[in-house]
Amino acid sequence: MHKIIQPDGWKQPKGYANGVLADGARLYIGGQIGWNEDQVFVAKDFVGQMEQALKNIVAVLEAAGGKPEHIARLTWYVTDKKEYLAHQREVGQAYQRVLGKHFPAMTMVVVKELIEDEALVEIEATAAIPS
């Protein structure tokens, strides 16, 4: 359903894909932050909020009939680059708890702040759900 695109001779990316060729219905998931379904931040730390944001993405995806492996692209907005870099191992573990070993095309952008004052990360997703 999805084909990872990796140009010949390029070094293999770690934890993401350079390109994903997808077929199926497109689902565009708006930016999800680290609050729960009641819009309450349970986690105050970066990794906890990131894991919750991914869980929120999966909830929207499942509501549309999709699965994590249908995600073709993730765009991350983080407020603290150093916090992310200091916890990459924990980020990877939390990521795999939620999405498994599926690594779509990803972009990470460092931003000054997010609309919700408590939010440390916001992640948006694009998925291609097979018919």
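Thr-75 touches four residues that lie more than four places away in sequence: Thr-107, Glu-122, Ile-123 and Glu-124. Thr-75 itself sits in strand E4, which covers residues 71-78. Its relative accessible area is 8%. That is under 20%, so Thr-75 counts as buried. Keep in mind that this model is predicted.

**The whole chain**

Now step back to the whole protein. It has three helices and six strands. Starting at the N terminus, the order is β-β-β-α-β-α-α-β-β. Three strands thus open the series, and two strands close it.

How does the radius of gyration fit the chain length? The protein has 131 residues, and a compact globule of that length would have a radius of gyration near 14 Å. The protein has 15 Å, which agrees. Along the principal axes, the C-alpha trace spans about 40 × 35 × 25 Å.

Contacts add to this picture. Take the contacts with a separation of 6 or more. Of these, 76% join residues that are 24 or more positions apart. The contacts between Thr-75 and Glu-122, Ile-123 and Glu-124 were listed above.

What share of the residues is buried? The figure is 38% of the 131 residues. The exposed surface comes to about 7900 Å². Carbon and sulfur atoms supply 50% of that surface.

Charge comes next. The protein has 14 positive and 17 negative side chains. The centres of the two sets lie 10 Å apart.

**Aromatic pairs**

How many aromatic pairs does the structure hold? There are three. Two of them are described here.

One pair is Trp-35 with Phe-41. Their ring centres are 5.6 Å apart, and their planes meet at 50°, so this pair is tilted. Both residues are buried.

Another pair is Tyr-95 with Phe-103. Here the centres are 5.5 Å apart and the planes are at 10°, so the pair is stacked. The two partners have their own burial classes. Tyr-95 is buried, at 4% relative accessibility. Phe-103 is partly exposed, at 27%.

**Charged residues**

Is Glu-51 buried or exposed? Its relative accessible area is 15%, so Glu-51 is buried. Glu-51 belongs to helix H1. Leaving out residues up to four places away, Glu-51 touches Ala-94, Arg-97 and Val-98.

Glu-37 is exposed, with a relative accessible area of 70%. It lies in the loop between strand E3 (25-33) and helix H1 (46-63). Lys-14 is exposed too, at 78%. Its place is the loop between strand E1 (2-5) and strand E2 (19-22).

The table gathers the accessibility values.

| Residue | Relative accessible area | Class |
|---|---|---|
| Thr-75 | 8% | buried |
| Tyr-95 | 4% | buried |
| Glu-51 | 15% | buried |
| Phe-103 | 27% | partly exposed |
| Glu-37 | 70% | exposed |
| Lys-14 | 78% | exposed |

**Sequence and space**

Two residue pairs link distance along the chain with distance in space. Lys-14 and Phe-103 are 89 residues apart in sequence, and their C-alpha atoms are 8.7 Å apart. Phe-103 is also the stacked partner of Tyr-95. Glu-37 and His-102 are 65 residues apart along the chain. What separates their C-alpha atoms in space? The distance between them is 24 Å.

Notes
Residues are numbered from 1 along each chain as its sequence is written. This is a predicted model: local features need pLDDT of at least 70, side-chain atom pairs count only at pLDDT 80 or more; totals for chains, interfaces and linings use all residues. Side-chain values use heavy atoms; hydrogens and water are left out. Helices (H or I, at least four residues) and strands (E, at least two) are DSSP runs, numbered from the N terminus. The radius of gyration is taken over C-alpha atoms; the globule rule is 2.2 Å times the number of residues to the power 0.38. Buried means under 20% relative accessible area, exposed over 50%, partly exposed in between (1.4 Å probe, protein chains only). Contact means heavy atoms within 4.5 Å. Accessible areas come from the Shrake-Rupley method with a 1.4 Å probe; for residues, only the protein chains shown count as cover. Lys and Arg count as positive and Asp and Glu as negative; His and the chain ends are not counted. The place of a charge is taken as NZ of Lys, CZ of Arg, CG of Asp or CD of Glu. Rings of Phe, Tyr and Trp (its six-membered ring) pair if their centres lie within 6.5 Å; planes under 30 degrees apart count as stacked, over 60 as edge-to-face and the rest as tilted.
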